[in-house]
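Dear colleague,

Please find below the structure that I was asked to pass on to you. A summary of what was found in it follows.

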Amino acid sequence: MSVSLVPRTILSLIQPAVSAVAARLFVLTTGRSGSRKFQPTVMSFYETGLVTSLYEQLLMSPVLRNYEIRHEMPYASPGVVGSPKRVDIWLRPVGGGYPHLIEAGDFSPGKVNRDCEKMRELNPNGGCWALAFFRGKGRPPANPHQPLAVMNASLANARGLDNEIVEIEHRLVRSFDVYRPDGNHDRFGVAMIRAR
């Protein structure tokens with residue numbers, strides 16, 4: 001699989017997007033008496049907030065200056081009956097062409113399979129990507145390859161990822177440390193999974 005401009009750029013912007021959320025959460029809650037017991041971090045923050053931060057990074061990217069970029073895009077496809085379905089991020093070159101659809105969220109095989117089926121139905125000719133977060137909730141990925149190992153194990157499981165629906169490329173899987181201003185950090189994993 002060739003790795004095109006859009007998935008490469010999205011993957012490169014995840015770390016600054018997540019770091020921006022981590023810094024904002026730290027600034028907003030430090031010294032706040034109601035935040036003593038529960039200090040929100042990127043490990044517990046709503047995935048929608050992470051996607052919104054990524055959307056802001058995409059809008060600022062000089063690499064994507066010739067792309068229309070939309071967040072929570074209502075997307076109706078010819079032949080699909082009913083109200084439009086929404087996709088987390090929608091990108092298309094300004095001059096037209098097939099769009100890239102991105103659905104994002106915490107990794108679970110069922111969610112990835114459903115998202116990929118939905119996007120393929122809406123966008124059979126364009127790029128369709130599931131952006132999976134590996135936050136671990138107490139057991140974050142220890143190395144850059146752990147999300148890949150989790151996905152490969154899922155492909156081998158009958159209740160896991162459907163090999164007929166998804167395509168995994170190891171170059172589109174990463175883990176990184178997200179540092180807070182107090183010096184503490186969390187390990188965050190991410191993978192761009194292509195819908196077949």
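Is C128 buried or exposed? With a relative accessible area of 0%, C128 is buried. Please bear in mind that this and everything below refers to a predicted model.

The cysteines

C116 is likewise a buried residue, and its relative accessible area is 0%. No disulfides are present, the count for the structure being 0. For C116, the closest cysteine sulfur is that of C128, and the distance of 7.9 Å is too far for a bond. A disulfide requires two cysteine sulfur atoms within 2.5 Å, so the 7.9 Å between the sulfurs of C116 and C128 rules one out for this pair. Seen from the other side, C128 takes part in no disulfide, and its nearest cysteine sulfur belongs to C116.

The overall fold

The protein contains 4 helices and 6 strands. Read from the N terminus, the order of these elements is α-α-β-β-β-α-β-α-β-β. Among contacts between residues at least 6 apart in sequence, 66% join residues at least 24 apart.

As to dimensions, the C-alpha trace extends over about 55 × 40 × 35 Å along its principal axes. The radius of gyration is 17 Å, which agrees with the value near 16 Å that a compact globule of 196 residues would have.

Surface and charge

Of the 196 residues, 46% count as buried. The accessible surface amounts to about 10200 Å², and carbon and sulfur atoms account for 52% of that area. The protein carries 24 positive and 17 negative charges, and the mean positions of the two groups lie 4 Å apart.

A residue in a loop

I should also like to draw your attention to V94. This residue sits in the loop that links β2 (85–93) with β3 (100–106). Why does V94 count as exposed? V94 does so because its relative accessibility is 54%, and the cut-off for an exposed residue is over 50%.

Which residues does V94 contact, once its neighbours within four places in sequence are left aside? They are N66, Y67 and E68. As a further point of reference, L58 is 36 residues away from V94 along the chain, and the C-alpha atoms of the two are 15 Å apart.

Yours sincerely,

A colleague

Technical notes. Residues are numbered from 1 along each chain as its sequence is written. This is a predicted model: local features need pLDDT of at least 70, side-chain atom pairs count only at pLDDT 80 or more; totals for chains, interfaces and linings use all residues. Side-chain values use heavy atoms; hydrogens and water are left out. Buried means under 20% relative accessible area, exposed over 50%, partly exposed in between (1.4 Å probe, protein chains only). Helices (H or I, at least four residues) and strands (E, at least two) are DSSP runs, numbered from the N terminus. The radius of gyration is taken over C-alpha atoms; the globule rule is 2.2 Å times the number of residues to the power 0.38. Contact means heavy atoms within 4.5 Å. Accessible areas come from the Shrake-Rupley method with a 1.4 Å probe; for residues, only the protein chains shown count as cover. Lys and Arg count as positive and Asp and Glu as negative; His and the chain ends are not counted. The place of a charge is taken as NZ of Lys, CZ of Arg, CG of Asp or CD of Glu.
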